[in-house]
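Below are some remarks on the fold, set out as numbered points for a colleague who will want to check each of them against the coordinates. They move from the packing of the helices to the charged pairs.

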Amino acid sequence: INAEYMGGSHVLPALIRKFHEAKLAGAPTVEVWGTGTAMREFLYVDDLAEALVFLLHNFDGPDSREDEKMFFNLGTGKDCTIKELALMVKEIVGFTGEIVWNTAMPDGTPRKLLDVSQMTALGWTAKTSLKDGLQKSYDWFLAHQDDFRG
């Protein structure tokens, strides 16, 4: 995960890094690729760990060879636009400048959202809201940034 906050990362660590560095530099803008309309789902890491422990305690496994192909989607079942995500990260980081959308760059897949109905039926749902997960992630970033900056 540490490398994710450096160049070439996924959307969330890239946004955290970009807004943080722009805040420190007093930059007037942060560029974000695409239109902001693509939708993504995010699951906080502690919820993922809890889901795995939940499955260990609440799922006995398949009774037949065919059922061995069973998969579980671990997610929140809720998504948001990249624009909504960027605005939340901007607020949490405390960046006061503007977001500039580079629409010459691609949005990527229009929507990535998991069907979490199997987990819900078993009695598990994610507990951490997106905003709380973002705050915890930024707090972690602040506490560990010296560990992964050269």
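1. The buried residues of H1 are covered by elements that include S1, H3, strand S4 (98-102) and H5. The model is a predicted one, and in it the buried set of H1 consists of Leu 12, Pro 13, Ala 14, Leu 15, Ile 16, Arg 17, Phe 19, His 20 and Ala 22. As for its geometry, H1 has 15 residues and spans 21 Å from first to last C-alpha, close to the 21 Å expected at 1.5 Å a residue. Just after H1 comes Gly 26, for which phi is positive, at about 70°.

2. H3 can be read in the same way, with twelve residues and a reach of 16 Å between its first and last C-alpha, close to the 16 Å expected at 1.5 Å a residue. Its buried residues are Ile 82, Leu 85, Ala 86, Met 88, Val 89, Lys 90, Ile 92 and Val 93, and they pack against H1, S1, S2, S3, S4 and H5. A positive phi, of about 90°, is found at Gly 94, just after H3.

3. In H5, the buried residues are Gly 133, Leu 134, Ser 137, Tyr 138, Phe 141, Gln 145 and Phe 148, and the elements that cover them include H1 and H3. A reader who fits a single axis to this helix should note that H5 bends by about 45° at Leu 142.

4. Which residues of the largest nonpolar core touch the most other members? Of its 22 residues, these are Leu 15, Phe 19, Leu 85, Val 89 and Leu 134. At least two residues of this core come from each of H1, strand S1 (29-33), H3 and H5, and H3 gives the largest share, seven residues. Leu 15 may serve as an example of the contacts involved: leaving aside residues up to four places away in sequence, Leu 15 touches Val 32, Leu 85, Ala 86 and Val 89. Another core lies apart from the largest one and has six residues, among them Ala 51, Leu 55, Met 119 and Trp 124.

5. The sheet deserves a separate remark. It is an open sheet of three strands in the order S3-S2-S5, and its pairing is mixed. Strand S3 (80-81) and strand S5 (111-112) form the edges, each pairing on one side only. Strand S2 (residues 39-40) pairs with S3 in the antiparallel sense, over two bridges, and Arg 40 stands opposite Cys 80 in S3.

6. How many salt bridges does the model contain? The count comes to four, and three of the pairs are taken up here, beginning with Arg 17 and Glu 21, whose closest N and O atoms are 3.5 Å apart. Both residues lie in helix H1 (residues 11-25), four residues apart, which is about one turn of the helix. Arg 17 counts as buried because its relative accessibility, 17%, is under the 20% limit, whereas Glu 21, with a relative accessible area of 31%, is partly exposed.

7. A second pair is formed by Glu 50 and Lys 127, with 2.6 Å between the closest N and O atoms. This pair links distant parts of the chain, 77 residues apart, since Glu 50 lies in helix H2 (residues 45-58) and Lys 127 in the loop between helix H4 (117-122) and helix H5 (130-148). Glu 50 is partly exposed at 31% relative accessibility, while Lys 127, at 60%, is over the 50% limit and therefore counts as exposed.

8. A further salt bridge joins the side chains of Lys 131 and Glu 91, at 3.0 Å from N to O. Because Lys 131 belongs to helix H5 and Glu 91 to helix H3 (residues 82-93), the pair ties together parts that are 40 residues apart in sequence. Lys 131 is partly exposed, with a relative accessibility of 39%, and Glu 91 is exposed, with a relative accessible area of 52%. The helices tied by this pair also meet through their buried residues, as H5 is among the elements against which the buried residues of H3 pack.

Conventions
Residues numbered from 1 in each chain as written. Predicted model: local features only at pLDDT ≥ 70, side-chain atom pairs only at ≥ 80, totals over all residues. Heavy atoms only, no water. Buried < 20%, exposed > 50% of the residue type's maximum accessible area, 1.4 Å probe, protein only. Core = buried A, V, L, I, M, F, W, Y, C linked by side-chain atoms within 4.5 Å. Contact = heavy atoms within 4.5 Å. Expected span 1.5 Å × (residues − 1). Pairing = 2+ DSSP bridges. Bend = angle between axes of the 7 residues up to and from the residue.
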